[in-house]
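Me: Please take a close look at one part of this model, namely the places where its pieces meet. A connected account with explicit cut-offs would be appreciated.

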Amino acid sequence: MAYDALVVRDLDAGYGAVRVLHGVSLRVPEGQIVALLGTNGNGKSTLMKAILGLVKPTRGTVRARLDGREVDLTGRATEEIVDLGVVLVPEGRRLFRDLTVEENLVLGAWRACARREISGNLRLCFETFPRLGERRRQRVGSMSGGEQQMVAIGRALMSMPRILLVDEPSVGLAPIMVKQTIETIGALKAKLGLTVLMAEQNFTQAIRIADRGSVLVHGSIAFEGETAESLGDNHLVRQFYLGT
Amino acid sequence: MLDPVLIVNAIVSGLLLGCLYAIASMGLAVSFGMLDVVNIAHPAMMVLASFVIAGLCSQSGLDPLLTALLVAPAFGFLGVGLYRVYHHFFEQSGDEAMQGLAFFFGLMILIEVSLVLIYGADQRWVETSYGGHTLSLGPVDLPLRMLLPAMMSLACIGALFVWLRRSFTGRAVAAVAQDRDALRFLAINPIRIKAVAFGISVALAAIAAGCLIVVQPVDAHSGHVFIGRILAIVILAGLGSLPGTLVAALLFGVIENLAATLWGPAWSPAVAFGLLLAVLTVRPQGIFGGAHT
């Protein structure tokens, strides 16, 4: 039976007196990729942060279904939410620059269940990103943006996510790397049965792997597409992205 | 003119002194360099631990270096508790810059005054069986009261380095120095990691205390001799670089001893701190510090 792995309901959130999100509702069905679309400054990252408890919502709920159990994530600490299996690949990657590739990856395996599977998951990372295997002893700070994005995704995989949140994976990457990164996320979802919520500005790349999509405009969901095609055909999307 | 034997001896005993500086600085390199907790009470804690170790040794007859290893865990737990207090009252509310500094300054005074009130102003020391012995390698003299603390210091620093690279918690400590909040994305509570790391820094003060009391007698204000030096070493190394701290401490010891041998002891701090200023002019980030952003 298909069910929703992540459900956001009527969420208001912001910073201090500034409200960024206005009654956002969103659902991510289990085993699917939902693209959270919208240009800069419309609240995509704030929504990601609110789901992960980094920004406290003033109204609304975030609920997840993990291993057949319904969990209310609202108001929990970030590390607790991650420990439940909701893992973020943060915007800007947030890697530990002075540590090696392997040290960064292994730090991802802090969760008790992930520690038992370290060697298997390291192998998975190096299969997915052979470049990381070649450079496992290299300092992360000395690597290219694309390679760092691989480490960031790999580190999240090491945490054995049930629900993977990916915030702007394409920012700062060369076009060829954008394409590769997005394709890898799609491949990982298929291989591991991941549920993915991906915030992305790059519409054309994002809908190539997305099963569904939501467009966030000024902190509200302006349009929800049930299929990738419906997103491409929508006039709002055209207006905001394609300029037609 | 210059006697080469004298110079070699000055360098060797400078290295031994540098090992004492290294273990004394290493705790501060962890707290100040990695955790951004400016614990200027660190030398005072070292002196406090020296008094505790001296007391335990005189009662039990145990070796002070061994006793230091035994009391270090207790000081570690004390450090964890202290960090919790500091975090709750200062760091959490963002008041750590000035008020946090005042907190540790107050703690330093509190420790010193308490030691004077309880033990008086007298020096404390521990008699060891090896205190008067000297190992001679050709013309080079290695007094055991310097050599054994130096070996203990290097062993503990080595253990710290291995722990930071090989253990889960150790790697998290290395990570907390670089991006504290990014640890939350990995289900790690950074405050807990900082508490553990601060506990380790205080435990290192206890280890340094054992080394110190073997090297020299200690009174309540002995920390004052160290505070400038260990701050200088940690900054010279580049904040947060532990291997750099080791090298800088050895360098500091050698330069102090050479200056004392060549021009007299009064010159040694002037030359050593002059070196600090010179290095910082050329490399503001320290010898081993990366360009911090």
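Reply: The account below treats the contact between chains, then the contact between domains, and then the nonpolar core.

This is a predicted model, in which local features need pLDDT of at least 70 and side-chain atom pairs count only at pLDDT 80 or more, while totals for chains, interfaces and linings use all residues. Residues are numbered from 1 along each chain as its sequence is written, chains are lettered from A and ligands numbered from 1 in the order in which they are written, and side-chain values use heavy atoms, with hydrogens and water left out.

Between the chains, 19 residues of chain B are in contact (heavy atoms within 4.5 Å) with 25 residues of chain A. Together the two chains bury about 2000 Å², with 67% of this on carbon and sulfur atoms; buried area is the accessible area (1.4 Å probe) that two parts lose on being put together, summed over both. Phe168(B), Phe185(B) and Leu186(B) account for 38% of what chain B buries against chain A, more than any other three residues.

The interface of chain B and chain A also holds 3 salt bridges, a salt bridge being a side-chain nitrogen of Lys or Arg within 4 Å of a carboxyl oxygen of Asp or Glu. Glu79(A) and Arg184(B) are joined by a salt bridge, at 2.8 Å from N to O. On the side of chain B that touches chain A, helix 6 (residues 168-176) of chain B provides the largest share, 6 residues; helices are DSSP runs of H or I with at least four residues, numbered from the N terminus.

Within chain A, the assignment gives domain 1 (1-85 + 162-244) and domain 2 (92-160), the bounds coming from an automatic or database domain assignment. Their centres, taken over C-alpha atoms, are separated by 23 Å. The contact involves 17 residues from domain 1 of chain A and 14 residues from domain 2 of chain A. About 1100 Å² is buried between these domains, 70% of it from carbon and sulfur atoms. The rule finds 1 salt bridge across this domain interface. Lys191(A) and Glu127(A) form a salt bridge, with their closest N and O atoms 3.8 Å apart. Helix 8 of chain A gives the most to the side of domain 1 that touches domain 2, with 7 residues.

The largest nonpolar core has 185 residues, of which Leu6(A), Leu47(A), Leu165(A) and Leu197(A) touch the most other members. Such a core is a set of buried (under 20% relative accessible area, 1.4 Å probe, protein chains only) Ala, Val, Leu, Ile, Met, Phe, Trp, Tyr and Cys residues joined through side-chain atoms within 4.5 Å.

Note on methods
Buried < 20%, exposed > 50% of the residue type's maximum accessible area, 1.4 Å probe, protein only. Helix = DSSP H or I, 4+ residues; strand = E, 2+ residues; numbered from the N terminus.
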